[in-house]
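Please open the model in your viewer, switch to a surface representation, and keep the sequence panel visible beside it. The tour goes from the whole chain to single residues, with a selection to make at each stop.

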Amino acid sequence: MVPFLKKYLGGLYMPIGWSLFMGILLFLPGSMLPHESTFVIPQFDKVVHIGMFGGFVFLWSLYLSN
């Protein structure tokens, strides 16, 4: 599984793209995010942050482990 992931995600374009995507999302003001009252999961922002930073670490580690 790891060679498959390295083949498709191990290039430099993926971690740089993810870093730019994260930078854009992290610098957005909270007022620009939509407020949905019907879809409320307590502490959902923590799950989003874990996914964002986990993806960041995963993609950079795939690239740097070559």
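With the whole surface shown, the protein exposes about 5400 Å², of which carbon and sulfur atoms supply 76%; accessible areas here come from the Shrake-Rupley method with a 1.4 Å probe, and for residues only the protein chains shown count as cover. This is a predicted model, in which local features need pLDDT of at least 70 and side-chain atom pairs count only at pLDDT 80 or more, while totals for chains, interfaces and linings use all residues. Residues are numbered from 1 along each chain as its sequence is written, and side-chain values use heavy atoms, with hydrogens and water left out.

Next, colour by pLDDT, the predictor's confidence in each residue on a scale from 0 to 100. The mean for the protein is 88, and 97% of its residues reach 70 or more; confidence is lowest in helix H1 (residues 2-9), at a mean of 85, and highest in H2, at 94.

Change to a cartoon and follow the chain, which reads α-α-α along the sequence, with three helices and zero strands in total. Helices (H or I, at least four residues) and strands (E, at least two) are DSSP runs, numbered from the N terminus. The radius of gyration, taken over C-alpha atoms, is 15 Å, well over the 11 Å that the globule rule (2.2 Å times the number of residues to the power 0.38) gives for 66 residues, so the protein is more spread out than a compact globule. Along the principal axes, the C-alpha atoms fill a box of roughly 45 × 25 × 15 Å.

Of the 66 residues, 11% count as buried, where buried means under 20% relative accessible area, exposed over 50%, and partly exposed in between (1.4 Å probe, protein chains only).

Now select Phe-21, Ile-24, Leu-25, Leu-28, Met-32 and Leu-33, which form a nonpolar patch on the surface with about 560 Å² of accessible area together. Patches are made of residues with over 30% relative accessible area and no salt bridge, like charges being joined within 9 Å and nonpolar side chains (Val, Leu, Ile, Met, Phe, Trp, Tyr) within 5 Å. Within this selection, Leu-33 lies in the loop between helix H2 (13-26) and helix H3 (44-64), and it is partly exposed at 47% relative accessibility.

For a distance, pick Ile-16 in helix H2 and then Ser-37: the two are 21 residues apart in sequence and 34 Å apart in space, C-alpha to C-alpha. Ile-16 is itself partly exposed, with a relative accessible area of 38%.

Move on to Gln-43, in the loop between H2 and H3, where phi is near 60°, a positive value in a residue other than glycine. Most residues other than glycine have a negative phi. Gln-43 is exposed, with a relative accessible area of 52%.

Finally, select Lys-46 and Asp-45, which form a salt bridge with their closest N and O atoms 3.2 Å apart. A salt bridge is a side-chain nitrogen of Lys or Arg within 4 Å of a carboxyl oxygen of Asp or Glu, and by this rule the count comes to one. Both partners are partly exposed, Lys-46 at 43% relative accessibility and Asp-45 at 38%.
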